[in-house]
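User: I'd like to learn how to read a fold like this one step by step. Can you walk me through it?

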Amino acid sequence: MGKLQSKINCSTSKYRPDDYVEEDRPAQAVQQYTPAHTGTVTSVAALTSDLCVSGGKDKAVVVYNWRSGAVLRRFVGHQHEVTKVACVFESNSFFSASRDKTVMMWELHRNSGPSQHFPGHDLVVTGLAVSPDSLQLCTGSRDNTMCKWDIETGECLQRAAISRNLQVTHLCWVPAEPYVIQTSEDKTIRIWDSRELQVAHRFPVKQYIQTYCDVSQDGRYCISSSNGFSGEGCEATLWDLRQTRSRVREFKGHFQTTASCVFLPKGLGLIPVVATSSHDCMVKIWNQDSGACLVTLCLDGSGPLASLAVCDSSTLLCASFNSGIHLLRINSIKGLELQEVATF
């Protein structure tokens, strides 16, 4: 467990527009824990209310207790960097995808290697989603294919290819439904019916590459994030999944690629909110109904922000290129506040 100290303030001006003005806020101490990874953290997911799982360019998959600041497990099995991690919340199993074209399943209480392998993609695996019942796995790759797997046996049940699909960037399973949301470099968000692994719906094509997606717990909405630069693109988009299956609204305010977007628990108040993280080093929380930005936190020295994970109604984790994983606290007692409390 790391000692309490002030965080070093490093310049992130290259990720911001020339006219950006930073809010004048008092310096706050940030707990510095033992780093989970050496180098860039590419993906993070909440495993339990206390634990997270993450993957990085160091090829490792790490289980970390973010409350105590301790590494519980470090798994090394991939030959190249880990691109994605995924799990079902409050489970003992989790999954990792890699540039080595493989997907592996790991067990929290297993000290040896992976408990299951899912080989079959020809290029880097960039999408990973676990069914809510933990029986099936969907993967997507730069080889333009989607695969559905039986988790227990490791068997590939179905494979689908789409021409010009380019790289799948993210996958997300719709709660209590047989549908999987997919974003990709062709700027399209697709809904897949996992029963036959067929495309059930395509949303209107966006102007920029779609980098990430998430689904609300009630399954009514999907949110996707967009590539971009200098404020062009860089938005998150809310989509209706049940009625119109069309765009609801956009959340604009980031200056560089928005790399991740998540729905936040309703425990924060009556207003539904979403969070985004960007290569401009900023995390933003938005009013889901109006599209207004409610609060912005700049993580100085972090470099591009890669991934967000929701731990509970007041805790967010944010993976970064330069400074590990950031533990963020959401406080709604005196208006909405977002504060960095630790890094690891």
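**Reading the fold**

Analyst: Sure, let's start with secondary structure: the protein has 32 strands and zero helices. Keep in mind that this is a predicted model.

User: How do I read the radius of gyration of the protein against the globule rule?

Analyst: The idea is to set the value beside what the rule gives for a chain of that length. Here the radius of gyration is 19 Å, close to the 20 Å from the globule rule for 344 residues, so the protein is as compact as a globular protein of that length. Along the principal axes, the C-alpha atoms fill a box of roughly 55 × 45 × 35 Å.

User: And what share of the residues counts as buried?

Analyst: Of the 344 residues, 56% do. The accessible surface comes to about 14700 Å², and carbon and sulfur atoms account for 47% of that. Contacts add another angle: among those between residues at least 6 apart in sequence, 45% join residues at least 24 apart.

User: Now the sheets. In what order do the strands of the open sheet with strands 7 to 10 run, and is the pairing parallel or antiparallel?

Analyst: General idea to begin with: strands of a sheet pair through backbone hydrogen bonds, in either a parallel or an antiparallel way. In this case four strands make an open sheet, ordered 7-8-9-10, with antiparallel pairing. Strand 7 and strand 10 (116-117) are the edge strands, each pairing on one side only. If you zoom in on strand 7 and strand 8, you'll find five bridges joining this antiparallel pair. For a register marker, use Cys 87, which stands opposite Phe 94 in strand 8.

User: What about salt bridges: how many are there?

Analyst: You look for a side-chain nitrogen of Lys or Arg within 4 Å of a carboxyl oxygen of Asp or Glu. By this rule the count is nine. One of them pairs Arg 99 with Glu 81, at 3.4 Å from N to O. Arg 99 sits in the loop between strand 8 (93-98) and strand 9 (103-107), while Glu 81 is in the loop between strand 6 (70-76) and strand 7 (82-87), so this pair ties together parts that are 18 residues apart in sequence.

User: Are Arg 99 and Glu 81 buried or partly exposed?

Analyst: Buried means under 20% relative accessible area, and partly exposed runs from there up to 50%. Arg 99 has 44%, so it counts as partly exposed. Glu 81 has 16%, so it counts as buried.

User: Which residue does Lys 206 form a salt bridge with?

Analyst: Lys 206 pairs with Glu 250, and the closest N and O atoms are 2.5 Å apart. This pair links distant parts of the chain, 44 residues apart: Lys 206 is in the loop between strand 18 (198-202) and strand 19 (210-215), and Glu 250 is in strand 24 (residues 247-251). Lys 206 is buried at 8% relative accessible area, whereas Glu 250 is partly exposed at 23%. Glu 250 also meets Arg 247 in a salt bridge, 3.1 Å from N to O. Shared partners join Lys 206, Glu 235, Arg 247, Glu 250 and Lys 252 into one network.

User: Last one: where does Ser 260 lie, and what does its side chain reach?

Analyst: Ser 260 is in strand 25 (residues 258-263). With 0% relative accessibility, Ser 260 counts as buried. The side chain of Ser 260 reaches the backbone nitrogen of Leu 308 at 3.1 Å. Leaving out residues up to four places away in sequence, Ser 260 touches several others, including Tyr 212, Ser 225, Thr 276 and Ala 306.

Note on methods
Residues numbered from 1 in each chain as written. Predicted model: local features only at pLDDT ≥ 70, side-chain atom pairs only at ≥ 80, totals over all residues. Heavy atoms only, no water. Helix = DSSP H or I, 4+ residues; strand = E, 2+ residues; numbered from the N terminus. Buried < 20%, exposed > 50% of the residue type's maximum accessible area, 1.4 Å probe, protein only. Polar contact = N/O pair within 3.5 Å; in protein donor to acceptor, adjacent residues only side chain to side chain. Contact = heavy atoms within 4.5 Å. Rg over C-alpha atoms; globule rule 2.2 N^0.38 Å. Areas by Shrake-Rupley, 256 points an atom, 1.4 Å probe, with all protein chains shown as cover. Pairing = 2+ DSSP bridges.
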